[in-house]
Each structure stands twice: as C-alpha cells, then as structure tokens.
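Reader: I would like to learn how to read a protein model. Please take it one feature at a time, with the general idea before the case.

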Amino acid sequence: MMNDYVVETINDILNEFIVGFHGPKESMFSNLFNIGLYEGGVWKIRVELPDAYPYKSPSIRFVNKILHPNVDETSGSVCLDVINQSWSPMFDLLNIFEVFLPQLLLYPNPSHPLNRDAASLMMKDRKQYDQKVKEFCELYAKKEDIMKPTAGEETDDDEDVTDEETCSSDDEIDGRAYP
C-alpha cells in the first residue's frame, strides 16, 4: 500500500516507522493564493500505529523541522482534526499521506495553531512568513537527507502529542514573530 513512499521501520517494530513525505506540488490555484510553499521539501514523518489501529488513529509527527502554524515546532506533532478527533476505520495511511498532510500544508489554519509564532507571522506579514517557510524547506527538508539519521532524532518510546487537547482553539494569536 505504501509502495510509492520510502518507509523505514524503527527498531524493527512493524507498528513504528518513518515515512518519507514530499511536500505537495503547486496546483493551478497555488500562485493565486501563494500556497505552493512546501513543494520540493521532503520530510520524515514518524508514524506509530496503536494496537487498536485502524479503529484508533495513528500518531503522526514531523521529525525534521517544518515551519507551519499547525505543526508543533518542538515535537513535530500535527493539529489535524481528521487524525485527532474524527478518525474513522475507513481511513488508512494512504489517506494521511496523499490527502490529509498535503491539505494541511496547502491550507494552514492560523486560527488554531500549535506553533503560535508561525501563525502570528503568517497573519501579520505573509510575505515574511512565506520566505521563512522556504528557508526552512531549504535548510531542513532536503531530499538527499530524508533517510539519514537526524541529529537528536528519538527512536525510543517517546510520547507524541497528537490528541485534540493539543490544538489551540483560541481566537487570539500572540504577537511574537520570528526575527
């Protein structure tokens, strides 16, 4: 099912693995809305399947850095309702990698951020935000680095934060921005 992806198990455990995920390509509407920022980037996505999978959602997090309002800058966990709140056994990993994650990157939601600094910058200075995203892609999401060990990459039983309580529902975003 995941033949089009680079997949590497963690500690030879079949329910924990890293998937190479390519940023979504621009669509014909991307230039109108300036949303093709992640194209060309490649990220390691750590996937942990719970014992109750597919009835319980997998834990998903970015391993290498990404600048995005709905991705925690420290843990890499994602704020995505379909994974955190409305998961269905009808979904599978292909849905995550071919629909849910590309949609997350193409259409960030700064109103419910995990990364308040990115959300604030996006809302206050979209041009600077776009430039920072491109810089992060160039620095941390290179294709040649996709399956190399990442400095500080955790492969033990660290706890991912991907439940509905992690997504902010505050309407206000603090005023901090990236320098």
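Reader: How many residues of strand 3 (residues 42-48) are buried, and why is it described as largely enclosed?

Author: Some ground rules come before the case. This is a predicted model, where local features need pLDDT of at least 70, side-chain atom pairs count only at pLDDT 80 or more, and totals for chains, interfaces and linings use all residues. Residues are numbered from 1 along each chain as its sequence is written, and side-chain values use heavy atoms, with hydrogens and water left out. Buried means under 20% relative accessible area, exposed means over 50%, and partly exposed is in between, with a 1.4 Å probe and protein chains only. Strands (E, at least two residues) and helices (H or I, at least four) are DSSP runs, numbered from the N terminus. In strand 3, 7 of the 7 residues are buried, so the strand is largely enclosed by the rest of the structure.

Reader: Which residues of strand 3 lie on each side?

Author: In a regular strand, side chains alternate between the two faces of the sheet. Here Val 42, Lys 44, Arg 46 and Glu 48 are on one side of strand 3, with Trp 43, Ile 45 and Val 47 on the other, and all of these are buried.

Reader: Which strand is joined to strand 3 by 7 bridges?

Author: Two strands pair if DSSP finds at least two bridges between them. Strand 2 (residues 13-22) is joined to strand 3 by 7 bridges, and the two run antiparallel. Within that pairing, Glu 16 has Glu 48 of strand 3 as its bridge partner. Strand 3 also pairs with strand 4 (residues 59-62), in the antiparallel sense, over 4 bridges. There Val 47 stands opposite Ile 60 of strand 4.

Reader: In what order do the elements of the protein run?

Author: From the N terminus on, the order is β-β-α-β-β-α-α-α-α. That comes to 5 helices and 4 strands.

Reader: How many aromatic pairs are there?

Author: Rings of Phe, Tyr and Trp (its six-membered ring) pair if their centres lie within 6.5 Å; planes under 30 degrees apart count as stacked, over 60 as edge-to-face, and the rest as tilted. By this rule there are 8 aromatic pairs. One of them is the tilted pair of Tyr 5 and Phe 97, at 5.6 Å centre to centre with 50 degrees between the planes. Tyr 5 is in the segment before strand 1 (7-10) and Phe 97 is in helix 3 (residues 93-106), so this pair ties together parts 92 residues apart in sequence. Tyr 5 counts as buried at 17% relative accessibility, and Phe 97 is buried at 2%.

Reader: What kind of aromatic pair do Phe 136 and Tyr 140 form?

Author: Phe 136 and Tyr 140 form an edge-to-face pair, 5.3 Å centre to centre and 65 degrees between the planes. They are 4 residues apart in helix 5 (residues 126-140), so about one helical turn separates them. Phe 136 counts as buried at 17% relative accessibility, whereas Tyr 140 is partly exposed at 32%. Elsewhere, ring pairs link Tyr 53, Trp 87, Phe 91 and Phe 100 into a cluster.

Reader: Which element has the lowest mean pLDDT, and which the highest?

Author: pLDDT is the predictor's confidence in each residue, from 0 to 100. Among the elements, helix 1 (residues 30-33) has the lowest mean, 51, and helix 4 (residues 116-124) the highest, 97. The protein averages 81, and 74% of the residues score at least 70.
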